[in-house]
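Reader: I have a chain in front of me and a list of labels for its parts. Can we go through what earns each label?

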Amino acid sequence: MTGQPDGAFSLLPRLAAGDDLAAADTLLEAGCATVPGSAFGAPGHLRLSFATDIATLEEGCRVIVAALDGVPA
């Protein structure tokens, strides 16, 4: 197989605060598992997986917003 993939179940958004390790720890403590982007050669990003049901994704988004809202940019 060559070329670009047709799709994926993950996203690597850039963090305003930039510290992907601290953000991943903060989110894990809040109940949302992510992977620091630095593990994929993308420091300052988080890897988010979307391989679950809509209700779980909606709750995960709420947790992410609430947990990272107080992190200084």
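Author: What follows is a set of short questions about those labels, each answered from the predicted model.

Reader: How many helices and strands does the protein chain have, and in what order do they run?

Author: The protein chain has 2 helices and 3 strands. Starting at the N terminus, the order is β-α-β-β-α.

Reader: What makes strand 2 and strand 3 a pair?

Author: A pair needs at least two bridges. Strand 2 and strand 3 are joined by 2 bridges, so they qualify, and they run antiparallel. One of the residues involved is P36, whose bridge partner in strand 3 is L46.

Reader: How do you know that strand 1 and strand 3 pair?

Author: The test is again at least two bridges. Strand 1 and strand 3 have 2 bridges, in the antiparallel sense, so they pair as well. Here L11 has L48 as its bridge partner in strand 3.

Reader: Why do strand 1 and strand 2 count as edges?

Author: Look at the order of the open sheet: 1-3-2. Strand 1 (10-11) and strand 2 (35-36) each have a single partner strand, so one side of each has no neighbour in the sheet.

Reader: Which side chains of strand 3 are buried, and which are not?

Author: L46 and L48 point to one face and are buried. R47 and S49 point to the other face and are not buried. In general, side chains in a regular strand alternate between the two faces of the sheet.

Reader: Why is C32 called buried?

Author: Buried means under 20% relative accessible area. C32 has 11%, so C32 is buried.

Reader: Why is C61 called partly exposed?

Author: That label covers values between the 20% and 50% cut-offs. C61 has 44% relative accessibility, so C61 counts as partly exposed. Over the protein chain of 73 residues, 22% count as buried.

Reader: How do you know that C32 and C61 do not form a bond?

Author: A disulfide needs two cysteine sulfur atoms within 2.5 Å. The closest cysteine sulfur to that of C32 is in C61, at 8.2 Å, so the two are too far apart for a bond. A search of the whole structure finds 0 disulfides.

Reader: Why is E59 called partly exposed?

Author: E59 has 40% relative accessibility, which lies between 20% and 50%, so E59 counts as partly exposed. E59 lies in helix 2 (residues 54-68).

Reader: What makes the link between the side chains of E59 and R62 a polar contact?

Author: The cut-off for such a pair of N or O atoms is within 3.5 Å. The side chains of E59 and R62 make their contact at 3.1 Å, so the distance fits. E59 and C32 are 27 residues apart along the chain, and their C-alpha atoms are separated by 9.2 Å.

Reader: What lines the largest pocket, and which residues are closest to its centre?

Author: The largest pocket holds about 460 Å³ of space. It is lined by 22 residues, and the closest to its centre are C32, T34, L48, G60 and I64. The largest share of the lining, 6 residues, comes from helix 2. Strand 3 (46-49) also supplies at least two residues.

Reader: How do the lining residues divide by type?

Author: The lining has 16 nonpolar, 5 polar and 1 charged residues. Cys and Leu count as nonpolar, so C32 and L48, both in the lining, belong to the nonpolar group.

Conventions: Residues numbered from 1 in each chain as written. Predicted model: local features only at pLDDT ≥ 70, side-chain atom pairs only at ≥ 80, totals over all residues. Heavy atoms only, no water. Helix = DSSP H or I, 4+ residues; strand = E, 2+ residues; numbered from the N terminus. Buried < 20%, exposed > 50% of the residue type's maximum accessible area, 1.4 Å probe, protein only. Polar contact = N/O pair within 3.5 Å; in protein donor to acceptor, adjacent residues only side chain to side chain. 1 Å grid on protein atoms, 1.4 Å probe; cavity = no way out; pocket = protein on both sides within 12 Å on 5 of 7 lines; lining within 4 Å. Points joined across faces, edges and corners; volume = space filled by probe spheres on them.
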